[in-house]
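Biologist: I should like a close look at a single part of this model, the paired strands in its interior, together with the surroundings in which they are set. Please explain it in a form that a first-year student can follow.

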Amino acid sequence: MNLHTCNRLAARLIGLLVLLTSLCACHDDDTNPSLWPKDKVARRIVLIYMCAQNSLGANHYHRSDSIEIMQGRQFIAPNDRLLLYVDDAKYPRLMEIRASSDRPVLLRQWNQEVNSADPQTLCDVASWVRQHCPAEEYGLVLWSHADGWIPATNKEYSRSASTFAPFSFGIDVGTGGSMSGDRDLTGTPGPQMDITDMAQALAESGMHLRYILFDACLMQNVESDYALRHATDYVVASPMAISAYGGNYTHLIQAGLFSPQVEDIVTTYYADIIDPAQNRVYGDYGIVISCVRTAALDSLAHTIAQLLPNSSIAIENTMPNFNDVQHYHPYHSHYYYRPKQHDLRSTMQHILSEKDMQRLDEVLAQAITCKRATTRFWAGPSNWSYINVDTTNYCGVAAFLPQPAYTQNANACIFGDLNEQFRQTEWYRAAGWTDYDERLLRLPL
């Protein structure tokens with residue numbers, strides 16, 4: 001081990017000891033009076049919301065990311081603020097990471113168990129930050145497990161029993177639960193946060209966001225983006241199942257989270273994944289990540305609704321060949337038969353004429369302001385299971401594509417009939433699928 005490596009390791013260990021000392025602090029008071037002065041308005045406050053009372057927390061990924069956050073504090077400008085909410089095996093706490101302090105400043109300590117997968121908790125934290133920490137604008141990083149727009153199978157945020165399920169966003173096993181197994185005290189996975197409930201919670205908090213960065217799996221899909229369009233100006237996320245290591249927060253703080261250009265989050269995240277110097281962490285995992293401007297989503301939905309009547313679904317009496325459509329997730333029992341996460345542009349390219357695609361591409365360019373992708377990424381479930389990326393024709397945003405298999409296999413899918421679940425989304429109606437999804441499902445193979 002060379003001197004540089006030793007020094008780096010020592011710095012990380014010191015940072016971890018300092019951080020854990022602060023994280024374990026417990027106060028009877030709900031808030032720390034030494035807050036940012038009410039008359040001092042920050043340029044941007046970034047809130048990192050770590051829902052880590054689950055297997056990610058059990059494997060200490062939140063701790064390694066917290067070390068990166070502490071190492072990145074040197075890059076926080078005097079008129080910016082970085083807040084970190086953590087809920088793991090201990091009671092939740094909200095801290096500020098300051099460039100001038102070698103330990104987090106505790107702002108709020110909960111003295112009881114809190115379910116951080118409950119949208120009311122997200123609303124409470126966001127409301128508290130908005131009230132006590134004024135800023136010109138806010139950014140939000142949502143850190144946890146996730147699986148996209150699919151409605152949660154357990155919305156009993158009080159943790160009543162449910163059938164086995166993964167998660168929409170977040171999972172919180174609660175007191176006495178198995179964090180490593182993602183199960184609560186009853187042996188049942190904890191509740192998940194529906195994206196529609198998330199959007200409502202953010203609206204109720206009064207905190208309008210410059211961006212949401214999902215450092216979580218499968219969250220860059222047009223259905224989720226559309227549901228969040230009134231809550232945030234931009235959504236940065238990946239349509240694939242990302243590495244549990246997530247982003248490099250030292251670099252994201254330096255060039256991304258506080259940047260005037262939200263797209264810098266995409267370029268920094270991508271650069272770290274492909275950086276040979278970080279191969280020990282990211283290996284050959286790969287990444288697809290993009291930035292969506294939500295103000296353009298109504299126009300995108302309207303355009304697709306206008307183009308669907310001209311599609312092969314509408315004018316041909318045979319099933320289009322979707323075998324070559326770019327996708328980001330395998331349809332497999334190992335993954336609870338979640339949908340394939342088809343690329344939005346690749347999907348439309350298979351059913352629209354070249355002329356109509358030119359029109360759609362103009363609108364997509366307004367909605368998707370930045371995208372990056374490696375030529376392949378690991379998708380599982382086997383160690384050798386990779387998905388190639390058509391970097392010429394992809395857009396980096398997933399979209400649900402109705403398929404007969406989703407109805408035929410509904411009994412084997414814990415979500416039930418995915419086609420029916422899709423019909424419950426706002427995007428389904430706005431993008432004009434109402435008249436064409438059933439026709440697509442009836443077409444002969």
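Modeller: In this predicted model, the protein chain has a secondary structure of 17 helices and 13 strands. The chain is 445 residues long, and 58% of them count as buried. Among contacts with a separation of 6 or more, 73% are between residues 24 or more positions apart.

The part you asked about may be followed strand by strand, beginning with E6, which covers residues 209–215. Strand E6 pairs with E7 in the parallel sense, and four bridges connect the two. Within this pairing, tyrosine 211 faces tyrosine 234 of E7.

Strand E7 itself spans residues 232–237. Five of its six residues are buried, so E7 is largely enclosed by the rest of the structure. Besides its parallel pairing with E6, E7 pairs with E8 in the antiparallel sense, again through four bridges. In that second pairing, valine 235 has valine 292 of E8 as its bridge partner.

Strand E8, residues 288–293, is likewise mostly covered, with five of its six residues buried. Five bridges join E8 to E10, a strand of residues 368–373, and these two run antiparallel. Here isoleucine 289 is matched with arginine 372, its bridge partner in E10. One can therefore trace a path from E6 to E7, from E7 to E8, and from E8 to E10.

The helix H5, residues 195–205, packs beside the beginning of this path. Its buried residues are Ile195, Asp197, Met198, Ala199, Ala201, Leu202 and Ser205. These buried residues pack against E6, and also against H4, strand E5 (135–143) and helix H6 (222–227). Just after H5, glycine 206 adopts a positive phi of about 80°.

The loop between E6 and H6 deserves attention as well, for it contains leucine 218. The phi of leucine 218 is near 60°, a positive value in a residue other than glycine. Leucine 218 counts as buried because its relative accessible area is 2%, where the cut-off is under 20%.

Leucine 218 is also one of the residues touched by glutamine 341, when residues up to four places away in sequence are not counted. Glutamine 341 is located in the loop between helix H11 (312–315) and strand E9 (342–343). With a relative accessibility of 8%, glutamine 341 is buried. Its other contacts are Trp149, Pro239, Gln326, His327, Tyr328, His329, Ala398 and Ala399.

The loop between H11 and E9 also holds tyrosine 336. Tyrosine 336 has a positive phi of about 60° although it is not a glycine. Tyrosine 336 is partly exposed, its relative accessible area being 26%.

Ala399, a contact of glutamine 341, leads to another feature, since it is among the residues that line the largest cavity. The structure holds four cavities of 30 Å³ or more, and the largest has a volume of about 50 Å³. Its lining consists of Ile304, Leu344, Thr347, Met348, Ala399, Phe400, Trp427 and Trp433. By class, this lining has seven nonpolar residues, one polar residue and no charged residue. Helix H12, residues 344–349, supplies the largest share of the lining, with three residues.

Finally, the setting includes nonpolar cores. In soluble globular proteins, nonpolar side chains tend to be buried together. The largest nonpolar core has 50 residues, and those with the most contacts inside it are Ile48, Ile69, Leu82 and Leu257. Helix H8, residues 263–274, contributes the most to this core, giving five residues. A second, separate core has 44 residues, including Ile351, Phe415, Ala431 and Tyr436. Returning to the largest core, its member isoleucine 69 is in contact with Ile48, Met50, Leu82, Leu84, Ile97, Tyr249 and Ile253, when neighbours within four places in sequence are left aside.

Notes
Residues numbered from 1 in each chain as written. Predicted model: local features only at pLDDT ≥ 70, side-chain atom pairs only at ≥ 80, totals over all residues. Heavy atoms only, no water. Core = buried A, V, L, I, M, F, W, Y, C linked by side-chain atoms within 4.5 Å. Buried < 20%, exposed > 50% of the residue type's maximum accessible area, 1.4 Å probe, protein only. Contact = heavy atoms within 4.5 Å. 1 Å grid on protein atoms, 1.4 Å probe; cavity = no way out; pocket = protein on both sides within 12 Å on 5 of 7 lines; lining within 4 Å. Points joined across faces, edges and corners; volume = space filled by probe spheres on them. Nonpolar A, V, L, I, M, F, W, Y, C, P; charged D, E, K, R; others polar. Pairing = 2+ DSSP bridges.
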